[in-house]
Amino acid sequence: GDANRNATVRVEYRRHGDIEWQAGLKLFRVEPEGIAYGRKAPPMFAGSLFDLAPGTEYEVKLTLSDPEGGGAEKLLPMRTRPVPKAPTNALVRKVEAARLQDAFNAAAPGDILLVSEGTFEGTLDVTAKKGSVEKPIVIRAAERLKVTLDAKGAQDVVNARGAEYIFLEGLELKGATNAALNAEGAQGIVLRRCRIEGCKQGFYNADQRRPGRDFYIADNEIIGPYAWPKTGILSEEGVQLCGSGH
């Protein structure tokens, strides 16, 4: 009913139990005709809230108004996700880098695989075992960036297609013709404090038929295969995501 598209939506938010409201950025009008790649979207407003505390309940108040008249107000309860972490009582298993695949295949939900300095060659497949929110399977370098996963020209460094709650921490990933971490159809994947270099894609999840959920990607260094500047828009991307909850 807003043919001239001049309606706006004001955003206010507060922690649950607080009295004062904080102002957020107004919502952005999504115009369906401007959506790329043939994707479909209804006429809508969308937006984000920034600098919220993790693992915290909030109330969000949206106020729609139109200069020609009409409007509405909606109050939404929301909760931010906590920062993913391994349980404090997790079983820590010391692992040689070269034996990482065998160690993962033998791991149980909740285990931390603490990997010693060295190199694992080929594609690491983390699809055989699934973690959970309470008991992820953590692959962590004993010393940050002293453990290298080198695909040696294979398609992906880490195959995490359909994987669930696998954490990769402090690793160096390189040598893939496609992705450092292929997470199509995966859920709850964590990529934290890692270094990716020279792969066509960094963290990859672009299949709309198998969207990912609840990824956490933080404090990584991602270096592409080309020096900048380079003409044209390249297909290589550091982080490519579809799905929700990331």
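Two strands are taken to pair if DSSP finds at least two bridges between them. In the predicted model described here, this criterion is met by β19 and β23, which run parallel and are joined by four bridges. Within this pair, Tyr204 has Gln240 of β23 as its bridge partner. Both strands belong to an open sheet of five strands, arranged in the order β10-β13-β16-β19-β23 with parallel pairing. The edges of the sheet are formed by β10 (124–125) and β23 (237–241); each has a single partner strand, so one side of each is left without a neighbour in the sheet.

The overall secondary structure of the protein consists of one helix and 24 strands. The C-alpha trace spans about 70 × 50 × 30 Å along its principal axes. Of the 246 residues in the protein, 38% are buried. Among contacts between residues at least 6 apart in sequence, 59% join residues at least 24 apart. The protein exposes about 14,100 Å², of which carbon and sulfur atoms supply 50%. The protein carries 33 positive and 33 negative charges, and the mean positions of the two sets lie 3 Å apart.

The interior was examined next. The largest nonpolar core contains 37 residues, and the members that touch the most others are Ile139 and Leu149. At least two residues of this core come from each of α1 (100–105), β8 (112–115), β11 (137–141), β12 (147–150), β13 (156–159), β14 (166–169) and β16 (179–182). When residues up to four places away in sequence are not counted, Ile139 touches Leu100, Phe104, Leu113, Val115, Leu124, Val126, Ile166, Phe167, Leu168, Glu169 and Leu171. Another core, of seven residues, lies apart from the largest one and includes Val9, Tyr13, Ala53 and Val60.

A further position of interest is Lys200, located in the loop between β18 (195–197) and β19 (201–205). The relative accessibility of Lys200 is 34%; Lys200 therefore counts as partly exposed, since this class lies between the limits of 20% for buried and 50% for exposed residues. Neighbours within four places in sequence aside, Lys200 is in contact with Ala176, Thr177 and Asn178, as well as with Ser235, Glu236 and Glu237. Lys152 is 48 residues away from Lys200 along the chain, and the C-alpha atoms of these two residues are separated by 14 Å.

Notes:
Residues numbered from 1 in each chain as written. Predicted model: local features only at pLDDT ≥ 70, side-chain atom pairs only at ≥ 80, totals over all residues. Heavy atoms only, no water. Core = buried A, V, L, I, M, F, W, Y, C linked by side-chain atoms within 4.5 Å. Buried < 20%, exposed > 50% of the residue type's maximum accessible area, 1.4 Å probe, protein only. Contact = heavy atoms within 4.5 Å. Areas by Shrake-Rupley, 256 points an atom, 1.4 Å probe, with all protein chains shown as cover. Lys, Arg positive; Asp, Glu negative; His and termini not counted. Charge placed at Lys NZ, Arg CZ, Asp CG, Glu CD.
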